[in-house]
Amino acid sequence: MTAVRDGSGSAGAGTSYRFTLNGEPREVAVPGMRRLLDVLREDLGLTGTKEGCGEGECGACTVIVDDLVVDSCLVPVCQVDGTTIRTVEGLSDAETQALNPLQQAFLERGGAQCGICTPGMLMAAQAYLDDGGPAEDEDIREAIAGNLCRCTGYTKIIDAIEAAAVARDESRGDGA
């Protein structure tokens, strides 16, 4: 378990919340209404999740909580007690740090531009792939509709997600 601070400087202030984060059990003692985004970034040091708008409009802070795509800027930590959370840091191989197929596809196809939307796009896309979403343009667009790219890099992002879906299907023997 990890001891963390509540952001005010006093260790252990607040209620204790437990969850599994990127496969590891974690515990934080923070005020219950502290945003999950702030707990991840400030208390746990996982700065991959980005704050774009702070209002749930852009998707930059997207994480996966119990297989659901959520905007971490809208979720108080009290709502994730006992859940399983996956952040962008949890996509790569924990031991080797090798990129997962989706991250590799983003790299190879130029799916990341300025980088602000990239973690949220990756998480929304990973949830889509985990659900078995097809390598179809319109389905992919719908899956990432809650994530905004200010660089208008959607074509390369969609191409990367499609490539990862094709690779997933081929590895399962589902490919054409």
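## A buried serine, a five-strand sheet and one cavity

Ser92 counts as buried, because its relative accessibility is 15% and the cut-off for buried is under 20%. This is a predicted model.

Where does Ser92 sit? Its place is the loop between strand 5 and helix 2. Helix 2 covers residues 101-109. Look past the neighbours within four places in sequence, and Ser92 is in contact with Gln97, Ala98, Leu99, Asn100 and Gln103. Leu107 is 15 residues from Ser92 along the chain. In space, the C-alpha atoms of Ser92 and Leu107 are 13 Å apart.

Next comes the sheet. Strands of a sheet pair through backbone hydrogen bonds, and the pairing is either parallel or antiparallel. Here five strands form an open sheet. Their order is 2-1-5-3-4, and the pairing is mixed. Which strands stand at the edges? They are strand 2 (24-30) and strand 4 (68-71). Each has a single partner strand, so one side of each is left without a neighbour in the sheet. From one strand to the next, the twist averages 40°.

Strand 1 runs over residues 15-21. It pairs with strand 2 in the antiparallel sense, over seven bridges. Within this pair, Ser16 stands opposite Ala29 of strand 2.

A helix packs on the sheet as well. Helix 3, residues 118-130, touches strand 3 (62-65), strand 4 and strand 5 (84-86). The direction of helix 3 makes about 35° with that of strand 3.

Now consider two loops between strands. Asn22 is found in the loop between strand 1 and strand 2. Asp67 lies in the loop between strand 3 and strand 4. Asn22 has a positive phi, although it is not a glycine. Asp67 is also a residue other than glycine, and its phi is positive.

Are these two residues buried, partly exposed or exposed? Asn22 is partly exposed, because its relative accessible area is 26%, which falls between the 20% and 50% limits. Asp67 is exposed, because its relative accessible area of 66% is over the 50% limit.

The table lists the accessibility of four residues.

| Residue | Relative accessibility | Class |
|---|---|---|
| Ser92 | 15% | buried |
| Ala163 | 17% | buried |
| Asn22 | 26% | partly exposed |
| Asp67 | 66% | exposed |

Ala163 belongs to helix 5, which covers residues 154-172. Which residues does Ala163 touch, apart from its neighbours within four places in sequence? The contacts are Ala105 and Arg109. Ala163 and Arg109 are 54 residues apart in sequence. Their C-alpha atoms are 8.9 Å apart in space.

Last, the cavity. How many cavities of 30 Å³ or more are there? The count comes to one. The largest cavity has a volume of about 70 Å³. Its lining includes Gly111, Ala112, Gln113, Cys114, Gly115, Ile116, Cys117 and Thr118. Leu148, Cys149, Arg150 and Cys151 also line this cavity. By class, the lining has seven nonpolar, four polar and one charged residues.

How values were computed
Residues numbered from 1 in each chain as written. Predicted model: local features only at pLDDT ≥ 70, side-chain atom pairs only at ≥ 80, totals over all residues. Heavy atoms only, no water. Pairing = 2+ DSSP bridges. Helix = DSSP H or I, 4+ residues; strand = E, 2+ residues; numbered from the N terminus. Axes fitted to C-alpha atoms, helices over the stretch in contact; angles between N-to-C directions. Contact = heavy atoms within 4.5 Å. Buried < 20%, exposed > 50% of the residue type's maximum accessible area, 1.4 Å probe, protein only. 1 Å grid on protein atoms, 1.4 Å probe; cavity = no way out; pocket = protein on both sides within 12 Å on 5 of 7 lines; lining within 4 Å. Points joined across faces, edges and corners; volume = space filled by probe spheres on them. Nonpolar A, V, L, I, M, F, W, Y, C, P; charged D, E, K, R; others polar.
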